[in-house]
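Please open the structure in a viewer and keep the selection panel at hand. The tour proceeds from the whole chain to individual residues.

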Amino acid sequence: MRLVLTGATGFLGAAAARAFGAAGHEVVPFARSLGHDLGTGQAVPAIVAAAPDAIVHLAGRTFVPESWREPALFVRDNVMATQEVLDACRLTGASLLHVSAYVYGQPCYLPIDERHPVAPGTPYAHSKWLAEELCRFQAGAFGVPLTVLRPFNIYGPGQRPPMLVADLASQLLRDGRMKVLDLEPRRDFLHVDDFSAALVRILDAGAWGHTFNVGSGRSHSVREVVEILAAAWPGGADWACSEQVRPAEVPDVVADCGALRDVVGWAPSVTFEKGLQAMIREMQVPA
């Protein structure tokens with residue numbers, strides 16, 4: 001299958017490109033760094049010229065604090081850019097695998113399934129929800145085969161700060177120690193290779209017409225992250241906590257991925273501990 005992959009040079013996009021290539025798909029990479037600026041009205045002709053069978057839409061802004069400072073940028077790059085992708089789907093007949101985000105806000109129950117109420121709590125999450133709604137409406141109006149994927153907390157090699165795991169790994173590499181604000185919050189962490197495998201499974205199965213959560217189905221506290229990284233660091237590592245609780249902190253998040261498992265047979269394969277240990281090894285620190 002010939003795929004246009006937006007955001008192809010980013011953390012998720014680079015891993016997805018490798019996974020799609022290994023599965024035998026032809027990947028046409030699109031990214032701002034490659035001269036394709038989605039959200040400005042300039043990218044649609046280039047996508048149409050690529051004549052894709054499907055578009056996997058990963059491009060967008062993700063840094064939550066920036067979304068509070070400049071929400072208009074998130075509307076442009078997460079919503080208007082999605083409109084351009086939809087225009088390209090309409091013109092080419094391509095299917096769309098749209099990668100959204102965690103849009104549930106404070107959990108009403110755990111684990112969180114796709115029927116959980118949506119309550120985006122940041123301009124970033126709201127922009128991703130708006131993009132989802134745009135996809136659903138226009139896919140129905142124009143007959144675009146669509147599936148929406150809602151990833152929880154993805155981590156792995158190639159990720160950069162300020163995301164938690166990448167930030168702590170960066171601190172270790174720079175200082176040999178770690179500092180965190182709060183040890184208590186728990187998140188559902190999924191290795192980027194498992195995320196990429198989910199994309200491939202959905203595409204290969206032609207599983208259109210769904211909204212899927214994708215996560216590990218387990219949560220780990222910041223304390224656990226720090227302790228695993230410290231133990232994996234050669235010779236061990238010190239860490240400290242300033243005990244600063246963020247406003248409106250979500251205490252715990254766990255994904256229910258039963259729908260994705262039932263429809264395409266996907267399940268995560270990289271345990272959190274082994275994933276973190278592999279990140280330390282890949283930092284090429286002498287043993």
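The stops below state what to select and what is found there.

**The whole chain**

Begin with the entire protein chain, bearing in mind that this is a predicted model. A cartoon representation shows 10 helices and 12 strands. Aligned along the principal axes, the C-alpha atoms fill a box of roughly 55 × 40 × 40 Å. The radius of gyration is 19 Å, which agrees with the value near 19 Å for a compact globule of 287 residues.

Next, colour the chain by contacts or by accessibility. Among contacts between residues at least 6 apart in sequence, 80% join residues at least 24 apart. Of the 287 residues, 47% count as buried. The accessible surface comes to about 12900 Å², and 54% of that area belongs to carbon and sulfur atoms. Selecting the charged side chains gives 24 positive and 30 negative ones, with the centres of the two sets 2 Å apart.

**The largest nonpolar core**

In soluble globular proteins, nonpolar side chains tend to be buried together. In this model, the largest nonpolar core holds 36 residues. Select Phe20, Phe195, Leu199, Ile202, Val214, Leu260 and Trp266, the members that touch the most other members. Then display the elements that give two or more residues to this core: strands E1 (2–6), E3 (54–57), E4 (95–99) and E10 (211–214), together with helices H1 (11–22), H7 (192–205) and H9 (258–264). Which element supplies the largest share of this core? Helix H7 does, with 7 residues.

Centre the view on Trp266 and show its surroundings. Leaving aside residues up to four places away in sequence, Trp266 touches Leu190, Asp194, Ala197, Ala198, Arg201, Val214, Gly215, Cys257, Leu260 and Arg261.

**Helix H2 and the residue after it**

Move to Val44, which lies in helix H2 (residues 44–50). Is Val44 buried or exposed? Its relative accessible area is 13%, so Val44 counts as buried, the cut-off being under 20%. Beyond residues up to four places away in sequence, Val44 touches Glu84, Asp87, Ala88 and Leu91. A distance label from Val44 to Trp68 should read 29 Å, C-alpha to C-alpha, for a separation of 24 residues in sequence.

Continue to Ala51, in the loop between H2 and E3. Ala51 is partly exposed, at 47% relative accessibility.

**Backbone geometry**

Most residues other than glycine have a negative phi, and most peptide bonds are trans. The following selections depart from these tendencies.

- Ala51: phi is near 50 degrees, a positive value in a residue other than glycine.
- Glu243: phi is also positive, at about 55 degrees. This residue is located in the loop between strand E12 (238–241) and H9, and its relative accessible area of 68% makes it exposed.
- Leu110 to Pro111: the peptide bond is cis, with omega near -10 degrees. Pro111 belongs to the loop between E4 and helix H5 (123–142).
- Pro161 to Pro162: this peptide bond is cis as well, with omega near 15 degrees. Pro162 sits in the loop between strand E6 (153–155) and helix H6 (164–175).

To finish, display Ala51 and Glu243 together: Ala51 is partly exposed, whereas Glu243 is exposed.

Key: Residues are numbered from 1 along each chain as its sequence is written. This is a predicted model: local features need pLDDT of at least 70, side-chain atom pairs count only at pLDDT 80 or more; totals for chains, interfaces and linings use all residues. Side-chain values use heavy atoms; hydrogens and water are left out. Helices (H or I, at least four residues) and strands (E, at least two) are DSSP runs, numbered from the N terminus. The radius of gyration is taken over C-alpha atoms; the globule rule is 2.2 Å times the number of residues to the power 0.38. Buried means under 20% relative accessible area, exposed over 50%, partly exposed in between (1.4 Å probe, protein chains only). Contact means heavy atoms within 4.5 Å. Accessible areas come from the Shrake-Rupley method with a 1.4 Å probe; for residues, only the protein chains shown count as cover. Lys and Arg count as positive and Asp and Glu as negative; His and the chain ends are not counted. The place of a charge is taken as NZ of Lys, CZ of Arg, CG of Asp or CD of Glu. A nonpolar core is a set of buried Ala, Val, Leu, Ile, Met, Phe, Trp, Tyr and Cys residues joined through side-chain atoms within 4.5 Å.
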